Amino acid sequence: MSWTYEAPLEHMRFVLEHVLDAPKHWKACEAFADLDLDTADAVLQEAARFASEVLQPLNGSGDLEGCVREADGRLRTPTGFPAAYQAFVAGGWPALPCAPDWGGQGLPLLLDAALREMLDACNHGWNMYPDLLHGAYETIKAHASDELKARYLPKIVSGEWLAAMALTEPQAGSDLGQLRTRAEPQADGSLRISGNKIFISGGEHDLTDNIVHLVLCRLQDPTNPAPAGTKGLSLALVPKLLPDGSRNALFCDGIEKKMGIKASATCAMRYEGATGWLIGEPHRGLAAMFLMMNSARLHVGLQGLGHQEMATQNARRYAAERVQMGRPIAEHPAVRKLLNRLDAMTQAQRVLAYRAALALDLAEHHGDTAVREREKRFAALLTPIVKAFCTHQGFHGPAAALGVWGGYGYVHEYGIEQTVRDARIAMIYEGTNEIQAIDLAQRKLLADGGATARELLDTLRADLPDGDPLRAFIDESRAQLSAWLEGVAKDSARLLESADDVLHAMAHTLLAWAVGRMAVAAHSLPDEAAARQASLAAAFVHEALPQGRLHWQRALAATTPT
């Protein structure tokens with residue numbers, strides 16, 4: 001059986017139209033007021049064609065070929081990757097969610113999220129190259145000087161130039177306070193950047209002639225010395241090619257030989273007095289880069305979702321064709337149970353991830369200031385959950401699905417083993433899932449005493465009918481959250497010990513809403529579709545709610561003195 005992909009366009013439209021009621025929200029945003037569902041549909045259909053016809057055929061071959069660093073230092077991506085990227089640019093896809101002022105199409109991040117899911121499902125390694133573009137666009141747009149915006153934004157929006165995010169250093173890892181890369185101010189207002197970075201996705205490649213690096217560094221300014229730790233970090237824009245067309249002093253010293261996403265060039269970069277320019281205020285680099293990191297974390301969550309969709313639909317197809325003991329294995333109880341669980345979790349996470357993207361859209365564009373502020377709080381709460389939980393499931397879901405193939409699951413041409421290898425990295429980069437859990441627990445839940453979380457849960461539970469066990473679970477979770485907050489307020493160490501369980505408990509609570517909301521919204525669909533959503537909701541109640549309760553129990557146990 002060949003490894004294939006059919007974009008879940010029917011479910012995507014169901015989520016946009018019936019679950020999230022996106023057209024109504026678009027009407028309340030001046031930037032999207034003229035957007036209708038038919039236009040959105042057309043965008044997603046064309047995106048699906050590009051993903052399945054252009055990217056998916058390159059996935060397996062790109063994994064086998066990988067990237068090659070030539071003797072002269074040039075880096076070659078797998079066969080077909082440059083042509084696929086040029087087709088991506090010609091289709092206008094990089095510009096999809098960018099402002100028309102800079103050459104963008106001005107469409108919602110919600111549609112861009114659906115696009116990203118499809119690209120990641122079909123070719124995670126390839127999509128690593130353009131995946132950082134939107135974050136770079138947002139960072140430069142919000143924090144760079146007018147001169148830098150005029151020089152770089154149009155090229156980034158069009159996709160003519162790609163971007164890279166240079167944070168990690170060998171001695172620092174996730175502890176950014178240990179960064180040593182130096183930035184020396186020059187008389188002409190530029191900076192001279194010197195230092196080494198590792199694990200830099202797309203730091204060098206052959207897809208575009210120029211690559212715009214956003215580099216965290218420390219300013220060496222005696223008149224304004226950098227404070228120690230993360231408070232002393234600045235952000236610099238360092239292009240591969242300088243405005244006069246000459247090569248900047250940045251070099252790829254090597255590429256990692258990796259477990260997965262082998263088609264993505266993960267580079268060790270050396271900046272040897274490279275010319276750059278400050279973005280944002282001195283020593284406020286993390287604040288400026290946060291926009292890029294926030295966008296990247298949503299995109300990484302969508303990588304997990306894409307892997308789950310690809311694994312689920314191929315597992316279901318294989319199970320329907322593979323006959324064992326006189327019948328397709330899809331009819332065997334254990335396999336049927338697994339497939340239903342994969343379906344329910346994948347569809348629910350699509351709702352959750354798209355709700356986070358919708359929150360980002362409304363936070364920026366809604367006509368009501370109160371709604372903008374509320375959605376900004378919701379987006380901040382949802383982002384670490386989407387990143388951590390969707391990538392956790394993005395690995396563990398396909399790992400479980402691999403068993404459907406039996407021994408064939410370990411064979412490359414069946415596809416699933418590559419999906420499992422590729423998906424694992426998403427739990428680590430852009431802030432490990434454990435860091436996301438601490439961010440959620442400490443900065444999002446404890447910081448405001450759970451006010452935003454309660455507001456979100458109260459909003460979501462209202463979508464479900466009285467007597468629904470999924471609504472009852474949301475009410476349980478609300479009470480458990482209050483008990484957990486009371487416990488950790490007395491001992492910060494217990495917050496850190498329980499953070500991972502709290503994130504997973506909150507994720508199951510939000511998924512309970514998503515599954516219940518789909519079941520309610522499906523009443524307007526044909527009987528067969530409505531029955532299918534009701535079946536998935538029942539599977540979620542049976543399979544997932546006990547897991548959510550277990551996470552709450554473990555979180556509360558960690559707050560109880562022994």
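## Strand β6 and the two largest pockets

In this predicted model, R182 stands opposite R218 in β6. R182 belongs to strand β4 (residues 182-185), which pairs with β6 in the parallel sense over two bridges. Strand β3 (residues 162-166) is also a parallel partner of β6, with five bridges, and its residue A166 faces V215 of β6. Strand β7 (residues 234-239) runs antiparallel to β6 and is joined to it by six bridges. Here V212 has P239 in β7 as its bridge partner.

In a regular strand, side chains alternate between the two faces of the sheet. On one side of β6 are I211, H213, V215, C217 and L219, and on the other are V212, L214, L216 and R218; all of these are buried. Buried here means under 20% relative accessible area. Because nine of the nine residues of β6 (residues 211-219) are buried, the strand is largely enclosed by the rest of the structure.

The model also has pockets. The largest has a volume of about 1400 Å³, and S174, Y429, E430, G431 and T432 lie nearest its centre. The second largest has a volume of about 800 Å³. Closest to the centre of this second pocket are P8, E10, H11, D343 and Q347. The table lists the linings by residue class.

| Pocket | Volume | Nonpolar | Polar | Charged |
|---|---|---|---|---|
| Largest | about 1400 Å³ | 22 residues | 16 residues | 11 residues |
| Second largest | about 800 Å³ | seven residues | seven residues | 11 residues |

Helix α8 (285-321) is among the elements that supply at least two residues to the lining of the largest pocket, and its share there, 10 residues, is the largest. In the second largest pocket, the largest share is seven residues, from α1.

Key:
Residues numbered from 1 in each chain as written. Predicted model: local features only at pLDDT ≥ 70, side-chain atom pairs only at ≥ 80, totals over all residues. Heavy atoms only, no water. Buried < 20%, exposed > 50% of the residue type's maximum accessible area, 1.4 Å probe, protein only. Helix = DSSP H or I, 4+ residues; strand = E, 2+ residues; numbered from the N terminus. Pairing = 2+ DSSP bridges. 1 Å grid on protein atoms, 1.4 Å probe; cavity = no way out; pocket = protein on both sides within 12 Å on 5 of 7 lines; lining within 4 Å. Points joined across faces, edges and corners; volume = space filled by probe spheres on them. Nonpolar A, V, L, I, M, F, W, Y, C, P; charged D, E, K, R; others polar.
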